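Work through the exercises below with the sequence and the coordinates at hand. Try each task before reading its solution.

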Amino acid sequence: MKLPGTPRKLLLVVICSLSGPAAIAASEPVAASAGAEAARTEIARQAKALEPAMLETRRDIHAHPELGNAEKRTSALVAAQLRAMGLEVKTGVARTGVVAILKGALPGPTVALRADMDGLPVKETTNLPFASRSKGLYLGKEVDLMHACGHDTHTAMLLTTAKILSGMRARLPGTVVFYFQPAEEGPGDFVPDGKNTWGAKMMVQEGVMKSPKPDAVFGLHVLAGIPAGQITYRAGPTTASSDDLHIKMIGRQTHGGVPWAGIDPIIMSAEALVGLQTVVSRRTDISTFPSVVSIGTIHGGTRDNIIPQSVDMTGTIRTYDAGIRKKLHADVRQTVEKIAESGGAKAEVSIVEKYDPTVNDAVLTAKMEPTLRWAAQDDVVQGALSGGAEDFSFFANEVPGLFVFLGITPRDQDMAKAAPNHNPGFFVDESALVVGVRTMASLATDYLHANAAAPR
Ligand SMILES: [Zn+2]
Ligand SMILES: [Zn+2]
């Protein structure tokens with residue numbers, strides 16, 4: 001059975017079949033649901049049993065973070081563990097990624113599960129015994145490194161999921177593909193220019209979703225400020241698009257005492273910066289989705305009495321809808337270019353499209369909601385839109401996708417005070433990781449059982 005276009009009646013049958021034997025519709029083969037239930041029981045048992053080994057792996061990866069496209073140690077560790085499970089493993093995918101295929105003994109659909117492996121140029125301040133002391137090269141400059149976004153936990157959770165599912169191979173109706181992707185946070189070795197590519201997008205370009213082609217793709221991200229073990233998700237757009245904005249304001253250099261002899265790019269940059277605030281607040285329809293235009297850097301000038309030739313600004317543009325995104329780009333360009341023109345300056349505006357919004361397939365999300373409830377023991381809430389971006393979007397552009405968040409802040413802590421993702425004090429309550437494994441593993445088995453049982 002294919003999900004898109006599923007008749008409503010059939011879909012209800014599938015949803016019911018996931019919520020336990022009592023809810024099985026008469027037309028649903030009992031064997032499928034019994035299989036799904038048996039798989040869940042096995043997942044729950046194994047996730048707990050494998051927890052110490054998972055935490056050991058997580059702490060090892062945490063102590064040795066690597067930047068995007070440099071995940072050599074991490075991907076070697078991942079590949080070695082996957083090979084030890086007897087899986088078909090491919091390395092060097094999109095530079096440093098790893099893909100593993102688990103073929104179940106029974107016929108059925110294909111699902112893909114994704115984890116990202118890269119760390120960030122952040123100096124860790126947690127004082128954990130396994131805190132990172134690693135350094136690496138970010139755009140050629142040595143920097144301190146940290147798993148400040150929790151990708152170490154994603155990798156450890158997916159390895160554990162792979163271990164559990166490979167132990168269930170004989171009863172698995174279908175195929176599970178594991179994507180261990182590099183450079184989710186962007187490349188550490190080059191600047192995005194709109195032509196170069198990395199991470200999930202590059203994996204898709206290399207054809208990882210062609211053979212085998214998954215029927216659905218699932219991903220999970222840990223999130224600070226949410227109680228440990230709680231799952232949050234939403235149907236439809238969930239994370240934002242992310243586009244880089246580069247502005248060069250070109251004036252004419254002159255003496256600071258005789259500004260009329262030149263064109264001042266500093267004042268024109270200031271005006272452009274203020275003008276940009278009106279792009280979202282005055283010109284964008286916010287009745288469907290919010291948008292953000294932020295400037296993050298301004299560089300210009302060398303000393304107090306020289307008006308410089310030019311000023312450079314960079315920023316980010318984010319939203320959740322393709323039409324709004326296109327209009328934002330046009331409005332940003334027009335605003336900056338016309339303001340520059342008003343002062344006799346010239347603005348060069350370039351916008352590099354990096355990540356698309358991650359959109360959770362509405363039918364798939366509704367179908368898998370009972371699975372999330374089981375995995376998190378009912379601690380599941382509908383989340384808000386995230387201002388962050390995720391290149392999981394490129395997988396979910398190809399096939400129906402579902403991307404959920406897992407809380408990792410200790411429950412006795414004030415959620416509002418938790419150090420956010422990317423902060424040097426980012427901390428993971430490791431008790432949540434078993435819930436993450438239950439989630440990823442049962443999303444796979446519930447999907448396979450539900451769709452293997454239905455007419456295809
Ligand atoms: Zn991140
Ligand atoms: Zn992340």
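The exercises go from the main sheet to the helices, the cores and the loops, and they concern a predicted model.

**Exercise 1. The open sheet**

Task: Determine the strand order of the 8-stranded open sheet and find which strands stand at its edges.

Solution:
- Step 1. Following the pairings across the sheet gives the order 1-2-6-3-7-19-8-17, with mixed pairing.
- Step 2. Strand 1 (88-93) and strand 17 (380-382) each have a single partner strand, so each has one side without a neighbour in the sheet and stands at an edge.
- Step 3. On average, and with direction ignored, neighbouring strands are turned by 25° against each other.
- Step 4. One of the antiparallel pairs is strand 2 (residues 97-103) with strand 6 (residues 173-181), joined by 6 bridges. In this pair leucine 102 stands opposite valine 176.

**Exercise 2. Strand 19 and its partners**

Task: State in which sense strand 7 and strand 8 pair with strand 19, and whether the residues of strand 19 are buried or exposed.

Solution:
- Step 1. Strand 7 (residues 216-227) runs parallel to strand 19, and 8 bridges link the two. Valine 217 has glycine 401 of strand 19 as its bridge partner.
- Step 2. Strand 8 (residues 231-233) is antiparallel to strand 19, with 2 bridges. Here threonine 232 is partnered by phenylalanine 405.
- Step 3. Sort the residues of strand 19 by direction. Gly401, Phe403, Phe405, Gly407 and Thr409 point one way, whereas Leu402, Val404, Leu406 and Ile408 point the other way; all are buried.
- Step 4. Since 9 of the 9 residues in strand 19 (residues 401-409) are buried, this strand is largely enclosed by the rest of the structure.

**Exercise 3. Helices on the sheet**

Task: Find which strands helix 4 touches and which strands helix 5 lies across.

Solution:
- Step 1. Helix 4 (residues 72-84) packs on the sheet and touches strand 1, strand 2 and strand 6; its direction makes about 15° with that of strand 2.
- Step 2. Helix 5 lies across strand 2, strand 3 (106-116), strand 6 and strand 7, and runs at about 160° to strand 3.

**Exercise 4. Two helix crossings**

Task: Describe how helix 3 crosses helix 5 and how helix 7 crosses helix 8, with the residue classes in each contact.

Solution:
- Step 1. For helix 3 (residues 51-63) and helix 5 (residues 151-167), the axes come within 8 Å and cross at roughly 145°. The crossing is right-handed.
- Step 2. Helix 3 contributes Met54, Thr57, Arg58, Ile61 and His62 to this contact, and the helix 5 residues they meet include Ala156, Met157 and Leu159. By class, the contact of helix 3 with helix 5 has 5 nonpolar, 5 polar and 2 charged residues.
- Step 3. The axes of helix 7 (residues 265-283) and helix 8 (residues 322-342) come within 9 Å and also cross at roughly 145°. Helix 7 passes helix 8 in a right-handed crossing.
- Step 4. The helix 7 side includes Met268, Leu276 and Val279, and the helix 8 side includes Leu328, Val332 and Ile339. This contact of helix 7 with helix 8 has 9 nonpolar, 2 polar and 3 charged residues.

**Exercise 5. Nonpolar cores**

Task: Identify which residues of the largest nonpolar core touch the most other members, and which helix gives the most to this core.

Solution:
- Step 1. The largest core has 94 residues, of which Phe178, Leu406, Met440 and Ala444 touch the most other members.
- Step 2. Helix 11 (residues 433-453) gives the most to this core, with 12 residues.
- Step 3. Apart from neighbours within four places in sequence, methionine 440 is in contact with Leu113, Met157, Leu158, Thr161, Phe218 and Leu220.
- Step 4. A second, separate core has 21 residues, among them Leu245, Ile247, Val311 and Ala345.

**Exercise 6. Backbone exceptions**

Task: Locate the cis peptide bond before proline 212, and decide how exposed glutamine 377 and aspartate 378 are.

Solution:
- Step 1. Most residues other than glycine have a negative phi, and most peptide bonds are trans.
- Step 2. Serine 211 and proline 212 are joined by a cis peptide bond, with omega about -5°. Proline 212 is in the loop between helix 6 (199-205) and strand 7.
- Step 3. Phi is positive at glutamine 377, near 50°, and at aspartate 378, near 75°. Glutamine 377 is in the loop between helix 9 (362-375) and strand 17, and aspartate 378 lies in the loop between helix 9 and strand 17.
- Step 4. Glutamine 377 has 13 C-beta neighbours inside 10 Å, so it counts as partly exposed. Aspartate 378 has 9 C-beta neighbours inside 10 Å, so it counts as exposed.

Definitions and conventions: Residues are numbered from 1 along each chain as its sequence is written. Chains are lettered from A and ligands numbered from 1 in the order in which they are written. This is a predicted model: local features need pLDDT of at least 70, side-chain atom pairs count only at pLDDT 80 or more; totals for chains, interfaces and linings use all residues. Axes are lines fitted to C-alpha atoms, for helices over the stretch in contact, and angles run from 0 to 180 degrees between N-to-C directions. Helices (H or I, at least four residues) and strands (E, at least two) are DSSP runs, numbered from the N terminus. A crossing is left-handed if the near helix is turned anticlockwise from the far one by less than a right angle, and right-handed if clockwise. Two residues are in contact if their C-beta atoms, placed from the backbone, lie within 7 Å. Ala, Val, Leu, Ile, Met, Phe, Trp, Tyr, Cys and Pro count as nonpolar, Asp, Glu, Lys and Arg as charged, and the others, Gly among them, as polar. A nonpolar core is a set of buried Ala, Val, Leu, Ile, Met, Phe, Trp, Tyr and Cys residues joined through C-beta atoms within 7 Å. A residue is buried if 20 or more other C-beta atoms lie within 10 Å of its own, exposed if 12 or fewer, and partly exposed in between; C-beta atoms are placed from the backbone. Two strands pair if DSSP finds at least two bridges between them.
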